[in-house]
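This report describes a structure through its secondary structure, its helix packing and a few single residues.

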Amino acid sequence: MIFVYRPGVGKTEPAGVEKMKVDNVFGPIDIAVSGLRSQNKQMEIVSSNIANARTTNAGKGEPYRRLEAVFKSDSDEIAGVELERITRDMGDFSRVLDPGHPEADENGYVQMPNVSIPIEMMTLTQATRAYQANAAVLRRYQQMVETTLELLR
Amino acid sequence: MSKTSIVELLEAGLKAEAMRQRAIANNTANLQTPGYRRLNVKFEQLLNKAIESGGEFDFEEFEPEFYHPNNTAVKADGNDVNLEVEVGELVKNSLRHKAFIRLLNKKYSQIERAIDLR
Amino acid sequence: MIKFDPNVSSLTSKDMQQLLKPQENTGQPGNFSGTVKALEKYLSNVDQLQQSSDMSIQDLLAGRNEDIASVVAAVAKADISFKVLVGVRNKLIDAYKQTMNMQI
């Protein structure tokens, strides 16, 4: 699964992938929104991992393989964040001794997904905090501009 | 300097922002609708083009309009609306609206002050 | 960057005080042409400030602007100078009325 999508200000451009243009006046807003979207995607991935933590058959005779998100930024200057791709964790599957299981092999072992719940919970906390931080940036910047506009009263 | 006054431009900007708010409400309502593409209002580009194509431009041919930006990422069911993007657009829209209202207010009160005869 | 310019007009504050202070009867002719000249200079200044504030608003509308604080600063400057101009105009009208009401 490879996702490449980028947020941006929807100006008229021909159909295709949109570019992340950091609008000058509202730069912080667009950047914060890109952060919110990215953390949203991160949450989706974490929820998929947790839900499938014990899925022994994810098709092709293999258990569920853990997914990870890779984020990147458009430039090394002021820019937002975007999800570059979703990679699979190629670590080894764990094997559990359970001879009665329908998926057990000839030695009685079942292959379980390489998902570690503590790690997923940690990622969950990180994503939540990052989401809150981005939302705070959005809110505070709005207050800042409104304060500036108070000078016009 | 164009022969369109700044008051008329500000009023057009306000109208564009009101239209944009309706577009955003529509987008948010259709967050899950399959096949729905988000709506936006074309105003700034029109104004920019008119300014850059020489000083004078005719204000009559100058209406903000709804359009579908064709460059957003589309999900599997054909829908391309994101809640975070709409929230960001709403914040920008309300800030712009506030700015235009206050600037317009300043202009009107200047005119009033000038008319106020002793 | 916000260009910090503390002088609202090119007239010094001393000129403005002289303009707004009630003129004493010195018995000498013509303080008035000096007033008119100072007023002309101030008028062109106010006009310039108004035009630059209008340009910055136009840039904001077209989405080409750098930051909203500079627009607010330009508009505030133009507004203050305009208020001063109107105050001067009102003072002049009052002075005229006073003159016309004088018994000969």
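The text below goes from whole chains to helix pairs and then to individual residues.

**Chains**

The model is predicted. The table lists the make-up of each chain.

| Chain | Secondary structure | Order along the sequence | Buried residues |
|---|---|---|---|
| A | two helices and four strands | α-β-β-β-β-α | 24% of 153 residues |
| B | three helices and two strands | α-β-α-β-α | 30% of 118 residues |
| C | three helices and zero strands | α-α-α | 20% of 104 residues |

Sequence separation can be followed through the contacts between residues at least 6 apart. In chain A, 54% of such contacts involve residues 24 or more positions apart. In chain B, 77% of them join residues at least 24 apart, and in chain C the figure is 64%.

**Helices α2 and α3 of chain C**

Two packed helices are described by the angle between their axes and the distance between the axes. For α2(C) and α3(C) the angle is about 150° and the axes are 9 Å apart. An angle over 145 degrees counts as roughly antiparallel, and α2(C) and α3(C) are therefore roughly antiparallel to each other. The crossing of α2(C) past α3(C) is left-handed.

On the side of α2(C), the residues that meet α3(C) are C:Leu39, C:Tyr42, C:Asn45, C:Val46, C:Leu49, C:Gln50, C:Ser52, C:Ser53, C:Ser56, C:Ile57 and C:Leu60. On the side of α3(C), they are C:Ile68, C:Ser70, C:Val71, C:Ala74, C:Val75, C:Lys77, C:Ala78, C:Ser81, C:Phe82, C:Leu85 and C:Val88. Sorted by class, this contact of α2(C) with α3(C) holds 14 nonpolar, seven polar and one charged residues.

Helix α3 of chain C covers residues 68-101, which is 34 residues. From its first C-alpha to its last, α3(C) reaches 49 Å, close to the 50 Å expected at 1.5 Å a residue. Its buried residues are C:Ile68, C:Val71, C:Val72, C:Ala74, C:Val75, C:Ala78, C:Ser81 and C:Phe82. What do the buried residues of α3(C) pack against? They pack against α2 (117-150) of chain A, α3 (83-115) of chain B and α2 of chain C.

C:Gln48 also belongs to helix α2 of chain C. C:Gln48 has 14 C-beta neighbours inside 10 Å and therefore counts as partly exposed. C:Gln48 and C:Ala78 are 30 residues apart along the chain, and their C-alpha atoms are separated by 8.5 Å. C:Ala78 is one of the buried residues of α3(C).

**A helix pair between chains B and C**

Helix α2 of chain C, residues 32-61, also packs with helix α1 of chain B, residues 6-29. The angle between α1(B) and α2(C) is about 25°, and their axes are 10 Å apart. Because angles under 35 degrees count as roughly parallel, α1(B) and α2(C) are roughly parallel to each other. Their crossing is left-handed.

Chain B contributes B:Ile6, B:Leu9, B:Leu10 and B:Gly13 to this contact, and chain C contributes C:Asp54, C:Ile57, C:Gln58 and C:Leu61. By class, the contact of α1(B) with α2(C) has five nonpolar, two polar and one charged residues. C:Ile57 in α2(C) takes part in the contact with α1(B) and also in the contact with α3(C).

**Single residues in chains A and B**

B:Lys49 lies in helix α2 of chain B, residues 44-52. Is B:Lys49 buried or exposed? With 11 C-beta neighbours inside 10 Å, B:Lys49 counts as exposed, since the limit for that class is 12 or fewer. B:Lys49 and B:Tyr67 are 18 residues apart in sequence, and the distance between their C-alpha atoms is 17 Å.

In chain A, A:Lys60 sits in the loop between α1 (27-51) and β1 (67-73). A:Lys60 is a residue other than glycine with a positive phi, near 60°. A:Lys60 has 5 other C-beta atoms within 10 Å and is therefore exposed.

Notes:
Residues are numbered from 1 along each chain as its sequence is written. Chains are lettered from A and ligands numbered from 1 in the order in which they are written. This is a predicted model: local features need pLDDT of at least 70, side-chain atom pairs count only at pLDDT 80 or more; totals for chains, interfaces and linings use all residues. Axes are lines fitted to C-alpha atoms, for helices over the stretch in contact, and angles run from 0 to 180 degrees between N-to-C directions. Angles under 35 degrees count as roughly parallel, over 145 as roughly antiparallel, 65 to 115 as roughly perpendicular and the rest as oblique. A crossing is left-handed if the near helix is turned anticlockwise from the far one by less than a right angle, and right-handed if clockwise. Two residues are in contact if their C-beta atoms, placed from the backbone, lie within 7 Å. Ala, Val, Leu, Ile, Met, Phe, Trp, Tyr, Cys and Pro count as nonpolar, Asp, Glu, Lys and Arg as charged, and the others, Gly among them, as polar. The expected span of a helix is 1.5 Å times one less than its number of residues.
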